[in-house]
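Colleague: I would like to learn how to read this model, feature by feature. Where should we begin?

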Amino acid sequence: MQQQLVKADHATPASLRWHLWRRRVGLPYLFLVPFLVLFAFFFILPLGYALGISLFADRLVGGSVFIGIQNYLQVLHDGNFWEGIRHTVLLLLVQVPIMLGLALIFALLLDSGVARLRTLFRLGFFLPYAIPSVISALLWGYLYSSNIGPFAQLASIFHLPAPGFLTDAGMLPSLGNIVTWQWTGYNMIIMFAALQAVSPELYDAARVDGATGWDVARYIKIPLIAPAIILTAVFSIIGTLQLFNEPSILSTIASSVIQDHYTPNLYAYTLAFTNQQYNYSAAVSFALGIVVFIFSYIFMLVTNRGGRQR
Amino acid sequence: MATIAKAPASAQVPASSAGQVRRAGWSLQALATVFLLIFLIYFLLPFFWLIVSSTKTNAELFTTFGLWFAPDFNLFRNLSDVFTYDSGVFLTWLWNTTYYSIVSAVGATLIATLAGYVFAKFRFPGRTLVFAIILGAIMVPATALAVPTYLLLSKIGLINTPLAVILPSLVSPFGVYLMRVYAEQAVPDDLLDAARVDGAGELRIFWSVALRILMPGFVTVLLLVFVGTWNNYFLPLLVLSNPSFYPLTVGLANWNQQASAGGGSQLLYTIVVTGSLVSIVPLIVGFLCLQRYWQSGLTFGSMKS
């Protein structure tokens, strides 16, 4: 850098300025061009486009008409949208705490060295993450099935009715189980990695003061890895509210339970590709985006405040 | 322990865990191990079912107990069915998935590495703002993008072509973030300055000095994008309608739909089951072989946030 400046000293002021500009602005942006072009085309442009068309309506007479926020007002009063939100929020409130709680317990157990066979557990728990969510939904769909599923087969051996995994009441827990099965190991690895980065001297000092393993976990480890836990929670909030693959696959074997608006994302898909209501579908997608943002924001606000009080 | 050789703190683990085990005592250790074993069974049970079921005939799927093998062993018959059904379209899907994943992974990783390196090692006007926008994109719900991406792609006539899957997959904001964090830690400024003094151009410095140091991070992002594309369902479902362009996920979901609808083709159940097994084997093998890369990737992601 310095060498360049020294050389440039001999040049005229104008070419010096050009030289500096090229080095400070031109070059970094030149390197960023491939990413920024694709990013603009596949992130910024679709978002802007969706926002744009969500403000229009396709009329039989007159074609595309600007209607302002009317589509959004319609979403506000759309029972289908809110039913989808209700399903995903229920999952959010029940399944996500269970999943993250399990992930934290596993991470703490594996990190503390209490259990044996730690590598086996770490890899075994993580394995479901490696397979496509479509295939895990297919797999669990078979396991839930009342004719080839092993649970129904076991029940029939004991002359019990087949468990109602795919009924109205059973569907949300069944979906929650698929998500838990697939993502617990992933969240565990993130927390485990954060735990491994904590210096063990911190606990050794606490131990000398007579702290038990539980105290160390509760008062030292968990607060120290709080950022990692919050990260997993935010990713889970985003993922759960956007649920699509699992209900979409299960709907093929339980079409009467999973209607086309079971989750907001499924609803947006149906609106666009079955009903060809692109404008309204974009409004639903955006409304979902807003809901996701609100939930993530409230969550971060709450955890931030909790952190400061402590 | 060798498995997490990349994690920075791994060297400290044995000392602390040995001390803890001594304190914990035998009964606590047994209790914790049994607790984890129960969950291991839960996590591995569907895999076991899948392996067992892919050795059965269609009739046996219904008549024999799902969690144990049938008297006869039909795996090879099923495998040949998978690869010959529908005039061998499964092999096309397998090829498509591999092709989309490799091209997306290599392209996205190169682009993200270049961008992450620039954000880490150059100060330029707009740096904070542009990076903040990219970070914000990690939080954007994929749904808000899917339908407009479909509409845009159809406007420029790319719908129903491999590019419709590959081009959007080339953008990895998370990859840029990971590479920035990695480059900040791994590439010393002095080294870059030394190369500049020697008169090397910036592109040459990136290509032959920085990229070599960034290799571990590069492989991590490569792996993450590869798996993301391999497992992608929503995007290809939207943008592809010709079965000969389908990836495995969309193809298998399609077969499953036909199997569930009946359609007189009972054969399909065994094909979907065995096809699922075939499509996850490469991923599982890859994950087990390349553990240290994805584990270090997740470590970087969580530590800096």
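Colleague: How far apart do the C-alpha centres of domain 1 and domain 2 of chain A lie?

Modeller: This is a predicted model, and in it the two C-alpha centres lie 41 Å apart. Domain 1 of chain A covers 2–53, and domain 2 covers 71–309.

Colleague: Which residues have the most contacts inside the largest nonpolar core?

Modeller: The general idea comes before the case. In soluble globular proteins, nonpolar side chains tend to be buried together. Here the largest nonpolar core has 161 residues, and those with the most contacts inside it are A:Ala107, A:Leu138, A:Met191, A:Val284, B:Ala115, B:Met179 and B:Val272. Helix H8 of chain A, residues 171–196, gives the most to this core, with 15 residues. Both domain 1 and domain 2 of chain A give residues to the core, so the core lies between them.

Colleague: Which residues does A:Leu138 touch, not counting those up to four places away in sequence?

Modeller: A:Leu138 touches A:Ile249 in chain A, and B:Leu252, B:Asn256, B:Val272 and B:Ser276 in chain B. Two of these partners, B:Leu252 and B:Asn256, are among the buried residues of H12(B).

Colleague: How should I read helix H12 of chain B, and which of its residues are buried?

Modeller: An α-helix has 3.6 residues a turn, so residues three or four places apart point the same way. Helix H12 of chain B spans residues 248–260, 13 in number, and reaches 18 Å from its first C-alpha to its last, close to the 18 Å expected at 1.5 Å a residue. Its buried residues are B:Leu248, B:Thr249, B:Val250, B:Gly251, B:Leu252, B:Ala253, B:Trp255, B:Asn256 and B:Ala259.

Colleague: How many helices and strands does chain B have?

Modeller: Chain B has 14 helices and zero strands. Of its 305 residues, 42% are buried. Among contacts in chain B with a separation of 6 or more, 74% join residues 24 or more positions apart.

Colleague: How many residues does each chain bring to the contact between them?

Modeller: Chain B brings 85 residues and chain A brings 82. On the side of chain B that touches chain A, the largest share, 19 residues, comes from helix H1 of chain B, residues 13–53. That side of chain B divides into 60 nonpolar, 22 polar and three charged residues.

Colleague: What about the backbone: what is the sign of phi at B:Asp86 and at B:Asn160?

Modeller: Most residues other than glycine have a negative phi, and most peptide bonds are trans. B:Asp86 has a positive phi of about 60 degrees although it is not a glycine, and B:Asn160 has a positive phi of about 65 degrees. B:Asp86 lies in helix H3 of chain B, residues 75–121, whereas B:Asn160 lies in the loop between helix H5 (142–155) and helix H6 (162–169) of chain B.

Colleague: Where do these two stand on burial?

Modeller: B:Asp86 is partly exposed, with 16 other C-beta atoms within 10 Å. B:Asn160 is also partly exposed, with 14.

Colleague: Which element of chain A has the lowest mean pLDDT, and which the highest?

Modeller: Where pLDDT is low, the predicted coordinates should not be read in detail. Helix H1 of chain A, residues 2–8, has the lowest mean, 47, and helix H4, residues 79–112, the highest, 95. Over residues 1–8 of chain A pLDDT stays under 50, and the model has eight contacts for them beyond four places in sequence. For chain A the mean pLDDT is 86, with 95% of residues reaching 70 or more.

Technical notes. Residues numbered from 1 in each chain as written. Chains lettered and ligands numbered in written order. Predicted model: local features only at pLDDT ≥ 70, side-chain atom pairs only at ≥ 80, totals over all residues. Helix = DSSP H or I, 4+ residues; strand = E, 2+ residues; numbered from the N terminus. Expected span 1.5 Å × (residues − 1). Buried ≥ 20, exposed ≤ 12 C-beta atoms within 10 Å, placed from the backbone. Domains from an automatic or database assignment. Contact = placed C-beta atoms within 7 Å. Nonpolar A, V, L, I, M, F, W, Y, C, P; charged D, E, K, R; others polar. pLDDT = per-residue confidence, 0-100. Core = buried A, V, L, I, M, F, W, Y, C linked by C-beta atoms within 7 Å.
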